[in-house]
Amino acid sequence: MHSVKRISFRVRGIVYTLLIVSGMFAVFPVIWVFLMSTRPNVEVFKWPPTFFPEQFTLEPYKRVFRDPVYLRFFFNSYVVATVVTLFTVIVAILAGYGFSRFNFPGKKLFNLFVVGTQMVPPITLLIPYFSMIVAFGLFDTYKALFLTYIVLTLPYAILMMTGYFNTISKELDEAVMIDGGSRFYALWMVIVPLALPGIIATTVFSFLLSWNEFAFALTLTKSTSMRTIPVGISLLMGQHAYEWNVMMAISILGSAPALLLYLFAQRYFLSGMTIGAIKE
Amino acid sequence: MGGYPVNSYKYLRKQFVAYGFLAPAAILLIVLLLYPMILVVWNSFLDNSIINPTPKWVGLRHYRWALADTVFSRAFRNTLIFTISSVLLHLSIGLGFALLLNTSINRRIQTFFRVLLILPWTFTVAIVAIIWRLLLDPLGVVNFLLSIPGFIKPGLAWFGDPGRAMSALILTNTWGGYPFIMVSLLAGLQGISVSLYEAATVDGANSWQKFLYITVPQLKPVILSIGLLDFIWTYRLFELIWLTTGGGPGRATETLGTYIYKLAFTQYQFSRASAVAVILALTTLVLAIFYLRAQKASD
């Protein structure tokens, strides 16, 4: 923004041209999917392809909303993502506060552990999870996904919350406690409201991570009624490979929550994300 | 922290409150992370631990098997090709787009393009896979666009062709993965002090020189750490490959992730799968140590 104070007309022309080309690379696939979701299936692979549908229809979307199997995928995704996010955020607020406010013995080691857990490949965990979940009798239940997803979301969430709490002055809690409030009161009544942007970022981040998860959901659930959107849609692709327009409609609808959350929270999200992902 | 000598009893007692705050997180991570990690390592030393009710200790047998297995070495090589190409493309596209977004153009247009260029990142891996299976279908739009100027004959199956599946996969992963890098580098660019550029202007430097002698060195720590992080994420990737090529055709796009999954859940070779999974985790650990070093250097 400030690197070059005034740029010439010609340079600006080049910049705009490149931006439009880049924008096409980013957006064309999405537009194409949307256009495919609004035409009859026979038109999807017509050769040569046409940009606009010859026969515009919202039938694929109606089919998604009428089909209990599809609706169940959405319901499952919302249940899992919401519960996991709620747990993650509460546990991460507590842990982040502990990290940010105290210098307890073992702090460095535990911090290294949390940072290290982010580096563990989920596919490595999947093998022991499978036997653990089967042994606990949780195979093909929501609980299997709640428990395993929290491992994916929690380390990032703790680092994000710690980073955010570090930006809030420690003297605030001390002041509350001098006035007779407990530390718990200071956290929930004073610090948490101030940390709202960080909490929003953590919430969005955890929700998106859970909403997008695929490998655990594929392996730890089995019945169609337990499938989440990413798994459900990929299995449908195998079975009904000929109903591309409906698959595209589910893709658009399945991406909508992430897109809306992102647009709503991008301001908090991007700054919070950089704290969590880049700072130790 | 307020006024106590660091080792006094009162000070320490105060610090012990922290364990209360950290207990829920610690319990969750120990039960759901440390214990499974121990379990997977333990399984890798036993003969088939799921099928056999009384598994025997076999030491390093599965590791020796993996190192001699041709599919494993193929998967390892594919993983490196896929990861290095993806990371280089992410970094160059991410840097290019970040530089474009950092020019002094109309604010509104800038914001509009920033949101637009982040868009691919809001799509779930499963949906990114479907999008590109549609685009790269033999009768898809990419083949159509390439056939107009006559680059290719129509009807090419990108994900189904052993010679092209890897490129198709890298293209798909590039599209889905560059936004995160772009956002991080943009933040890095905006953190470079204006006075550096002003001083260079006074000294008569042109834009290219400013880029080479100010932007690149200033951005180097961010590029290094974000590149390593991306390397770690891409190296262990499973979903995208599973959902586009499934490791095929043949073994053309078999990577460590897909191979582990197949060993465990289609061939039920849990101990072999555990051994490969431990190799994946250990090699990631090496990368992670480099990453933490790079972090320390950039702080």
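**View 1. Thr215(B) touches Ile192(B) and Lys210(B), once residues up to four places away in sequence are set aside.** Welcome to a predicted model, where this first stop is a single threonine. Thr215(B) belongs to helix 9 of chain B, which covers residues 207-235. Is Thr215(B) buried or exposed? It counts as buried because 20 C-beta neighbours lie inside 10 Å, and 20 is the number at which a residue is called buried. For a sense of scale, look for Leu196(B): it sits 19 residues from Thr215(B) along the chain, and the two C-alpha atoms are separated by 9.5 Å.

**View 2. Chain B is built from 12 helices and zero strands.** Following the sequence, you will read the pattern α-α-α-α-α-α-α-α-α-α-α-α. Along the principal axes, the C-alpha atoms of chain B fill a box of roughly 80 × 75 × 30 Å. The radius of gyration of chain B is 25 Å, whereas a compact globule of 299 residues would have one near 19 Å. Buried residues account for 42% of the 299 residues in this chain. Of the contacts in chain B between residues at least 6 apart in sequence, 68% join residues at least 24 apart.

**View 3. Chain A also has its secondary structure in helices, with 12 helices and zero strands.** Starting from the N terminus, its elements run α-α-α-α-α-α-α-α-α-α-α-α. The box filled by the C-alpha atoms of chain A, taken along the principal axes, is roughly 75 × 65 × 35 Å. In this chain of 280 residues, 45% are buried. Among contacts in chain A with a separation of 6 or more, 78% come from residues 24 or more positions apart.

**View 4. Where the chains meet, 74 residues of chain A are in contact with 76 residues of chain B.** On the chain A side, helix 1 (residues 9-36) supplies the largest share, 13 residues. Sorted by class, that side of chain A has 52 nonpolar, 17 polar and five charged residues.

**View 5. Helix 5 of chain A packs against helix 1 of chain B with the two axes 9 Å apart.** How do these two helices lie relative to each other? Their angle is about 95 degrees, and helix 5 of chain A and helix 1 of chain B are therefore roughly perpendicular. In the sequence, look for residues 122-135 of chain A and residues 9-43 of chain B. From helix 5 of chain A come Thr124(A), Leu125(A), Ile127(A), Pro128(A), Tyr129(A) and Met132(A), which meet Pro36(B), Leu39(B) and Val40(B) of helix 1 in chain B. By class, the residues of this contact are eight nonpolar, one polar and no charged.

**View 6. The largest nonpolar core holds 127 residues.** Which residues have the most contacts inside this core? They are Ile260(B), Val276(B) and Ala277(B). Helix 6 of chain A, residues 142-166, gives the most to this core, with 16 residues. A second, separate core has 29 residues, including Ala98(B), Leu100(B), Leu101(B) and Tyr235(B).

**View 7. Ala277(B) has contacts in both chains.** Without its neighbours within four places in sequence, Ala277(B) is in contact with Ile123(A), Thr124(A) and Ile127(A) from chain A, and with Val40(B) and Ile260(B) from chain B. Some of these names will be familiar from View 5, where Thr124(A) and Ile127(A) in helix 5 of chain A and Val40(B) in helix 1 of chain B take part in the helix contact.

Definitions and conventions: Residues are numbered from 1 along each chain as its sequence is written. Chains are lettered from A and ligands numbered from 1 in the order in which they are written. This is a predicted model: local features need pLDDT of at least 70, side-chain atom pairs count only at pLDDT 80 or more; totals for chains, interfaces and linings use all residues. Helices (H or I, at least four residues) and strands (E, at least two) are DSSP runs, numbered from the N terminus. A residue is buried if 20 or more other C-beta atoms lie within 10 Å of its own, exposed if 12 or fewer, and partly exposed in between; C-beta atoms are placed from the backbone. Two residues are in contact if their C-beta atoms, placed from the backbone, lie within 7 Å. The radius of gyration is taken over C-alpha atoms; the globule rule is 2.2 Å times the number of residues to the power 0.38. Ala, Val, Leu, Ile, Met, Phe, Trp, Tyr, Cys and Pro count as nonpolar, Asp, Glu, Lys and Arg as charged, and the others, Gly among them, as polar. A nonpolar core is a set of buried Ala, Val, Leu, Ile, Met, Phe, Trp, Tyr and Cys residues joined through C-beta atoms within 7 Å. Axes are lines fitted to C-alpha atoms, for helices over the stretch in contact, and angles run from 0 to 180 degrees between N-to-C directions. Angles under 35 degrees count as roughly parallel, over 145 as roughly antiparallel, 65 to 115 as roughly perpendicular and the rest as oblique.
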